[in-house]
Structure formats: C-alpha cells, structure tokens
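Me: Could you take me on a close look at the place where the ligand sits? I am new to this, so please go step by step.

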Amino acid sequence: MYAQMIKSEATQDDPALLEAFQARIDDNQKIEPKDWMPEGYRKTLIRQIGQHAHSEIVGQLPEGNWITRAPTLERKAILLAKVQDEAGHGLYLYCAAETLGVSRDELFEMLHSGRMKYSSIFNYPTLTWADMGAVGWLVDGAAIMNQVPLQRTSYGPYARAMVRICKEESFHQRQGYDIMMKMCKGTDAQKKMAQDALNRLWYPSLMMFGPSDKDSVHSEQSMAWKIKMNTNDELRQKFVDQTVPQAEYLGLSVPDENLKWNEEKGGYDFSEPDWSEFYDVLKGNGPCNTERLNTRKQAWADGAWVREGMLAHAAKKRIAKVAAQ
Ligand code: 3HC
C-alpha cells in the first residue's frame, strides 16, 4: 500500500527531473538535503532513518536493564559505554532525518502513537547476563551486516552517519562475543546460559533483516534509489554464513536442525524464522512491546520540564535582544 503510494507519487513528478535524479543515483552521486528529490524518496528515507533512529534508542532498554547487574566493574563500564553509544547513534540518525524536513517532535510522536516502527528484536526480553553477550554478538552483528553497506547509501547525511555508527557497532559486536567466550569457557552452568541465550535470540536476530524478499514491500524501489544496497535475504544469508563458524568456535550449537553447508551455493542452508511470529511482534504483540513503548513515553513525559525550560529561556533571550535594539 505504502509502496504503491510512493510509486504513484514518483510518477506524478516531472519525468525529466526524475530521470536526471535517477541518473545521479546510478552514477553513485550523493544526494544532499537541498537537492531536488522525488517525494517518495524523501518519505522512504524518513521512514527508514526514523525507524532506524527509534531502534537505536529503544535498543538501549534491554541492555540498560543490565547495567546495575553487570558482574564486574569493568563489564559495567563497558556496557554503560555501549548503551551511551546507542543514544549517540539515535541522535546522528534523528539529525539526518531532520535534514529531510521532519522535526524530532514529529518523529517521537509517530513512535509513541505506533505510526512508526522500531526493530522487532527489541521486543524480546534479556533474561540473563549471557543475553548481554548474545545481544552484542548477534544483534549488533546483524546490525553491522545491514549497516556497513548503508555507508554507501545515496543520501549523504545518512551515509555519513553510518560511517561513525559502524565503527562503534563493530566494538559492540566484539564486546558481546568476548562475553560469550568467557561464558563458554566458564562453568557448565555458564555455558548452558550462553547456549540458552543463543537458542532464544537466534531467530529474532534473523528477523532483523526484514521479511523474505518475496514479501518485502519496499526493497525493489529502495534498491533502485540506493536507499538499500542489498535485499533482506542476501544480508540474512551473509549473517548466517559469518555467524555459524563463530558459534562453532564457542562450542555452541545453532538451534536449527536444517542448518547445513551447501557447497554449490557456497553458503549455509538454514530454516526461515517463524514469519507469523515476526508479523505478530510488528503488530505490537511481542513479549515486551508494551513495556518498551511505555518506557519511551514515560521518558518523553519526564523530559517535558527540560524542553519547557529551554523554550522559555530561548524566548527570554529573544525578548532581551529585541529590547536591546
Ligand atoms: N523490525 C520492525 N519492522 C520491520 C523489520 C524489523 N526487523 N523488518 C522489516 N520491517 C517492516 C518495514 O519497516 C516495513 O514496514 P512499513 O512499511 O510499515 O515501514 C515492513 O516490515 C516490510 O519490510 P520491507 O522489507 O519492505 O522494509 P524495508 O525495505 O524498510 O527493509 C530493513 C527493512 C531491512 C530493516 C530496512 O528498513 C533497513 O535496512 N533499515 C535500516 C537499518 C535499521 O533500521 N536497523 C535497525 C536495527 S537495530 C540497530 O541498528 C540498533 C543497534 O544498536 C543494534
């Protein structure tokens, strides 16, 4: 429906302008905020960057939950830094979205009213310390797989935000894997916790790449505009191929009895996630949807006095400036 709307809007634009725009994209030129762009391109970017920004800040919640319970001071400091990084990623991305003419208030309103999504993965709970390892290893690992190509995306402010974000995500992935290594070399109980975390987070991590290509609504147009550089299935396959040997190194088993190396395709065959679960989570019925959204809404309400104070201060300064003229 949305894709149809975007396509019809794009054809309403001047064909000569559209052609010139597509030629710039095909020539790998960056589109900058003041350049002409089709309305559908702008809207798709706002949707994707906004959803991405929301994922960063909602993504703080499952890990923030463990800061006070981290097992050592060092682990606490690392986790704290990681969670702060995610807030920074959210800010770069909100700034990139703002260059497209949407305000941050509007973006938050869309998140809070459920009109804008955030990544499905953050609607799952983090039950044990091993989940901090699995989130860093799998969730940040999947995020990097998706985001490294986005450094070459056609919209300049988004591409540049991704460069910094990817550097930090790579540190996040390593700290997660480091936790998993410690757990797997620890007691039997610790290794069991690590296996349990992998069992619970494997399929939700595969879902992060979005529905399979045949069901993806936006991929075709987004790839033509280089807003997306790969299809959902391409990235999911790369993620599985990269992650399975890492699980083997840890001595853990991936919870998929159909997992098998396929010599011919040079990659693993693997089971698809349960897509009905994915769509159910998107509809708001995941284990933590309500909790996550309520926490974000509460944070927005708690920050009202700061916003009001800053606006009052700005107004006072404006009045003082006019009076002095
Ligand atoms: N969670 C929630 N919604 C999802 C989703 C997911 N994992 N995957 C797809 N969807 C939604 C889409 O938004 C779309 O819904 P909409 O039309 O209402 O917006 C619908 O499902 C159909 O999917 P499509 O494949 O057609 O959608 P896209 O072309 O937008 O592809 C995507 C989905 C691959 C996630 C793409 O948007 C993308 O690459 N986004 C940028 C990266 C991003 O947002 N990453 C978030 C990961 S978490 C993170 O980065 C935090 C880090 O700290 C770990």
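Reply: Happy to! One bit of vocabulary comes before we start: Ala, Val, Leu, Ile, Met, Phe, Trp, Tyr, Cys and Pro count as nonpolar, Asp, Glu, Lys and Arg as charged, and the others, including Gly, as polar. Please also keep in mind that this is a predicted model.

With those classes, the shell around the ligand sorts into 13 nonpolar, twelve polar and seven charged residues. There are 32 residues around the ligand, and those that come nearest are Glu86, Lys117, Gln147, Val217 and His218.

Two of these names return when we look at individual atoms. In the side chain of His218, an N or O atom is 2.6 Å from an oxygen atom of the ligand. For Val217, a polar backbone atom lies 2.7 Å from a ligand oxygen. Met207 also takes part through its backbone, where a polar atom is 3.3 Å from a nitrogen atom of the ligand. How much of the ligand does the protein bury? Taken alone, the ligand exposes 1000 Å², and the protein buries 92% of that.

Now for the helices. H3 (39-58), H7 (129-147), H8 (156-184) and H12 (275-285) each give at least two residues to the shell around the ligand. Helix H3 provides the largest share, six residues.

Finally, follow Met207 to one of its partners. Tyr124 touches Met207, and its other contacts include Pro204, Glu277 and Val281. You will find Tyr124 in the loop between helix H6 (104-112) and H7. Tyr124 counts as buried because its relative accessible area is 10%, and buried means under 20%.

How values were computed. Residues are numbered from 1 along each chain as its sequence is written. This is a predicted model: local features need pLDDT of at least 70, side-chain atom pairs count only at pLDDT 80 or more; totals for chains, interfaces and linings use all residues. Side-chain values use heavy atoms; hydrogens and water are left out. A residue is near a molecule or strand if one of its heavy atoms lies within 4 Å of it. A polar contact is a pair of N or O atoms within 3.5 Å; within protein, one must be able to donate a hydrogen and the other to accept it, and residues adjacent in sequence count only if both atoms are side-chain atoms. Accessible areas come from the Shrake-Rupley method with a 1.4 Å probe; for residues, only the protein chains shown count as cover. Helices (H or I, at least four residues) and strands (E, at least two) are DSSP runs, numbered from the N terminus. Buried means under 20% relative accessible area, exposed over 50%, partly exposed in between (1.4 Å probe, protein chains only). Contact means heavy atoms within 4.5 Å. Lists of a residue's contacts leave out its neighbours within four places in sequence.
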